[in-house]
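Student: Please take me through this model, one element at a time.

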Amino acid sequence: MQLKFIDQLLIKRTLNYNKDNKVNSLNKKNIYIFPTWFGFQLGFFLFFCLVASILYQNNFSLLIFIILFFIFFISILLTFQNLNNLDISTNSEIIVEQNTFQNLKIFIDNFDYIKKLNIFFKIEKQSSNSDVAKGVNKIEIIKKFYNRGVFDLPTLHCHTTFPFGIIKAWSYKKLNCKVFCYPKPISPPNNIQFYLDSFNINKNDEHFDFSHVEEYKHGDSLSKIAWKISSAKKKKFVKKFDSYEKNEKILIDFDKIHPNLNFEKRLQYSVFLILHCYEKGKEFAFKIFKNQTEFDNSKSHLEKILKKICYVNEY
């Protein structure tokens, strides 16, 4: 319990320092070093060797003490250097699906000329172990988001015990990333075409383009007579038109999607219809609480609507 409290204090201190000093990389100001349990055992053994060499004038104990102390000291330097001069970043915003595992892409920029070995990167309970070569590296941490909404990405915890496992160096990085978590899409109860027909604003909107003229036949509409040609030819001719329906425009109206069901379930149905229209290349818009988006079928349009759904509240 006490260690967890100390850990929280270190996180707060590190993030506040990084914010105040605009620090993006890991360095001596925000890296912490402490012996591991094996390191403590080695420390006790060193103390025992030192006491034995003094009390019993034992040169062998003194030699062991000097060798192990040198290893201990070198380990502190190497472990710190293995985490030093790393810049950690990610995308400024990500759009994820609720209750689905997502690959979070983390970019690690190594400013040193040497390769960093065996570094652990952790977000909450999900972690990734990676070596970091010189230059920009990419790692992925698999994480599931359980709640719809908009929130900040949790703090990244990175640590290493390289090379001997007796010293641990660690730090924390606040990733400046907004997470937009939209509802997991669920197929609505009725056939998908039922909703597309219901929400198609051009369903009964028939249009006509002029095609040609032909001689008048009994039953042809007198309003379609081409008078100029008829007077020139001394016969009645009528205009003929080709009919067509305008392209589908799907207005997904949230208020009309099973209003008797609960709010979150209706949002899941809405997301399913939105994704279906996008995948089929249909122009679509989304309407909720009298607020309507424009019609489009681009990826940016889809992302804009999904982010809007992340923000929406029932009341």
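**Sheets and helices**

Tutor: One open sheet has four strands in the order β1-β3-β5-β8, paired antiparallel. This is a predicted model, where local features need pLDDT of at least 70, side-chain atom pairs count only at pLDDT 80 or more, and totals for chains, interfaces and linings use all residues. Residues are numbered from 1 along each chain as its sequence is written, and side-chain values use heavy atoms, with hydrogens and water left out.

Student: Which strands stand at the edges of that sheet?

Tutor: Two strands pair if DSSP finds at least two bridges between them; strands (E, at least two residues) and helices (H or I, at least four) are DSSP runs numbered from the N terminus. Each edge strand has a single partner, so one side of each is left without a neighbour in the sheet. The edge strands are β1 (25–26) and β8 (135–144).

Student: What is the bridge partner of D109 in β8?

Tutor: Strand β5 (residues 101–110) pairs with β8 in the antiparallel sense, over ten bridges. In β8, D109 has as its bridge partner V136.

Student: At what angle do the axes of α6 and α7 cross?

Tutor: Axes are lines fitted to C-alpha atoms, for helices over the stretch in contact, and angles run from 0 to 180 degrees between N-to-C directions. The axes of α6 (residues 263–279) and α7 (residues 299–311) come within 11 Å and cross at roughly 175°. That makes α6 roughly antiparallel to α7 (angles over 145 degrees), the crossing being roughly 175°.

Student: How many nonpolar residues does the contact of α6 with α7 have?

Tutor: Contact means heavy atoms within 4.5 Å. Here L267, V271, I274, L275 and Y278 in α6 meet K299, L302, I305, L306 and I309 in α7. Ala, Val, Leu, Ile, Met, Phe, Trp, Tyr, Cys and Pro count as nonpolar, Asp, Glu, Lys and Arg as charged, and the others, Gly among them, as polar. By class, the contact has one charged residue, no polar ones and, as nonpolar residues, nine.

Student: Within what arc do the buried residues of α4 fall?

Tutor: Buried means under 20% relative accessible area, with a 1.4 Å probe and protein chains only. In α4, Y195, L196 and F199 are buried. Taking directions from the helix axis to the C-beta atoms, they line one face of the helix, because seen down the axis they fall within an arc of 100°.

Student: Which elements do those residues of α4 pack against?

Tutor: The residues concerned are the buried ones of α4, and their partners are a strand and a helix. They are β15 (249–253) and α6.

Notes:
Parallel < 35°, antiparallel > 145°, perpendicular 65-115°, else oblique. Buried < 20%, exposed > 50% of the residue type's maximum accessible area, 1.4 Å probe, protein only.
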